[in-house]
Amino acid sequence: MAGAAPTRLSSIYGWLLESKNGLGLLFMLPAAAFLLCFLTYPLGLGVWLGFTDTKIGRSGIFIGLENYEWLFDDPIFWLSVYNTLLYTTVASVLKFGLGLWLALILNQHLPFKNFFRAIILLPWVVPTVLSALAFWWIYDSQFSIISYVLMNLGLISEPINFLGDPNNARASVIAANVWRGIPFVAISLLAGLQTIPQSLNEAAALDGATPWQRFTKITLPLLSPIIAVVMTFSVLFTFTDFQLIYVLTRGGPVNATHLMATLSFQRAIPGGQLGEGAAIAVAMIPFLLAAILFSFFGLQRRKWQQGASD
Amino acid sequence: MSRQTISDPIAVNDDVQGLDQFSTLTRRLMVVYLPLAVFVFVLLFPFYWMAITAIKPDHQLSNYREYSPFWVVQPTLDHIKYLLFETSYPGWLWNTMLVSVASTFISLLASVFAAYAIERVRFTGARVTGLLIFLAYLVPPSILFIPLAFIVFQVGIFDSRLALILTYPTFLIPFCTWLLMGYFRTIPFELEESALVDGATRWQILTKVILPLAVPGLISAGIFAFTLSWNEFIYALTFISSSENKTVPVGVLTELVRGDIYEWGALMSGALLGSLPVVILYSFFVDYYVSSMTGAVKE
């Protein structure tokens, strides 16, 4: 009996070091511990909190779907859903279009190509809050440099109220988001473009294909897998954006720019209603899943249409 | 048929001049250089505006009649001095640095093991684990911060830098693991096999064979993790309440913006100084950054 325990221990030790599964488990341990404690568990806890009336400093009780019923009748919540969809759609489309355009330009033979590639990524590297502060100053209601230029050109007669008017505010935050997102789309698509052999384009050109035909029949189809991945990321991060809005408008004016993420923060932290905030966050999950599924299945269908076997 | 052309290595290394002969110089100017100039201008202008505001004396800031807003007449370091000597800014810089370095280090360590296990040990369920790691990266902080705040509070680390050091790896580990998995895949199996035959243990293989070869991958993962931590905002905003524990993005936004009087000079210096560390790091390792970014997407 006395010798059994050490033998067993050493056999577990041996299993951990010798077998593939033991070793895998051992190596996975640190990452798994972090992700289970601070990602999986909070994700579940968040869903649970959405069913409670927890407030800051006071643990709540289970109240079923009450938070969701409450949100269903809340016009501000629906406004935030509308804003989030508008923000995501418009910003993603613009980021895709402009990013692809920039990628196509950078794919040409240019002097100092590496230099351009490097400086164009700067908006993506600089912390969002800090560049958003620069936009805040650019959008100043009195001393906006944009208003100054437009007034000097005689195009407008008084400063534009960028962040004070609902629609202007929406357009302004979208513009700032597009500014930040273009580099990522452009550089990633550029990587995709560089894998397309030049000879395909040349052959098509010799056969009399116009530049537009070459773009739609060769470039786009070959680029579509990478487009799907890039746009999944882009849509996902735009949909859950928080920083830009928080810096520029904090959801105002009159909730016109509240996204679901900022509304969730607003209700949970300054508002103290953790349960309700969590419910709004949980309400984002179906949209996120839809975005992921859409792009993955879109990609699969594309492959299937092209008759790829892999 | 087109598939064959793509996989043909000779076709890829085709004559680089390509279709250039078809376009004339003016056309190129309109189609390539002009739009590129506009893109570069728009993408860089906010930084120029940030920089110029940071060194502009206060009386010039809002006086567009006497001074052109586009340049500075008598540049001043007053805003930066104010920031460094009369606010908690140096402390915020230190906090951000500490938190970023610590969470990057932890994440790299955990990711190297995880990526090696998934990619090379090939334990049962390695593929599924890899997929789960990828999915973990897609879970956004803006749906995790409420329960995390709850946990952080209950564990008793609310309003401490430790709260950030422990939570940042949730988005860093998935990203780094994913990046390193791709990198490990490019290291030939044969190297490992011959080391195994020579009697090396897994640990020796990892530290003596794989890691030295994976240095470029480690550098990219490290820069990315550092940049992502430096950029993080919502956790730092939620978990930290006292001024001395704040990070740069949170500190600048919550402590330098007072009431209705915006000290644009100080704010822009704060934004500029806070961006410098990541920009400097980025400029040294720009190729790693670009290749890992594109590599991560292509995987």
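The largest cavity in this predicted model is lined by 38 residues. Nearest its centre are Trp124(A), Arg180(A), Phe237(A), Leu228(B) and Asn231(B). The space inside comes to about 930 Å³. Searching the whole structure gives 5 cavities of 30 Å³ or more.

Now the make-up of that lining. By class, 24 residues are nonpolar, 10 are polar and 4 are charged. Both chains contribute helices with at least two lining residues each. On chain A these are H6 (122-125), H9 (166-193), H11 (211-239) and H12 (243-248). On chain B they are H8 (141-155), H10 (169-185), H13 (215-231) and H17 (286-298). Which helix gives the most to the lining? That is H9(A), with 5 residues.

Next, a different helix on chain A. H10 of chain A covers residues 198-206, and its buried residues are Ser199(A), Leu200(A), Asn201(A), Ala204(A) and Ala205(A). On spacing in general: an α-helix has 3.6 residues a turn, so residues three or four places apart point the same way. Just after H10(A) comes Gly208(A), with a positive phi of about 95°.

Last, the surface of chain B. A nonpolar patch there is formed by Leu29(B), Met30(B), Val31(B), Leu34(B), Val38(B), Phe41(B) and Val42(B). Together they have about 670 Å² of accessible area. One of them, Val38(B), sits in helix H3 of chain B, residues 25-54. Is Val38(B) buried, exposed or partly exposed? Val38(B) counts as partly exposed because its relative accessibility is 47%, and the partly exposed class runs between the 20% and 50% cut-offs.

Note on methods. Residues numbered from 1 in each chain as written. Chains lettered and ligands numbered in written order. Predicted model: local features only at pLDDT ≥ 70, side-chain atom pairs only at ≥ 80, totals over all residues. Heavy atoms only, no water. Patch = residues over 30% accessible without salt bridge, like charges linked within 9 Å, V, L, I, M, F, W, Y side chains within 5 Å. Areas by Shrake-Rupley, 256 points an atom, 1.4 Å probe, with all protein chains shown as cover. Salt bridge = Lys/Arg side-chain N within 4 Å of Asp/Glu carboxyl O. Helix = DSSP H or I, 4+ residues; strand = E, 2+ residues; numbered from the N terminus. Buried < 20%, exposed > 50% of the residue type's maximum accessible area, 1.4 Å probe, protein only. 1 Å grid on protein atoms, 1.4 Å probe; cavity = no way out; pocket = protein on both sides within 12 Å on 5 of 7 lines; lining within 4 Å. Points joined across faces, edges and corners; volume = space filled by probe spheres on them. Nonpolar A, V, L, I, M, F, W, Y, C, P; charged D, E, K, R; others polar.
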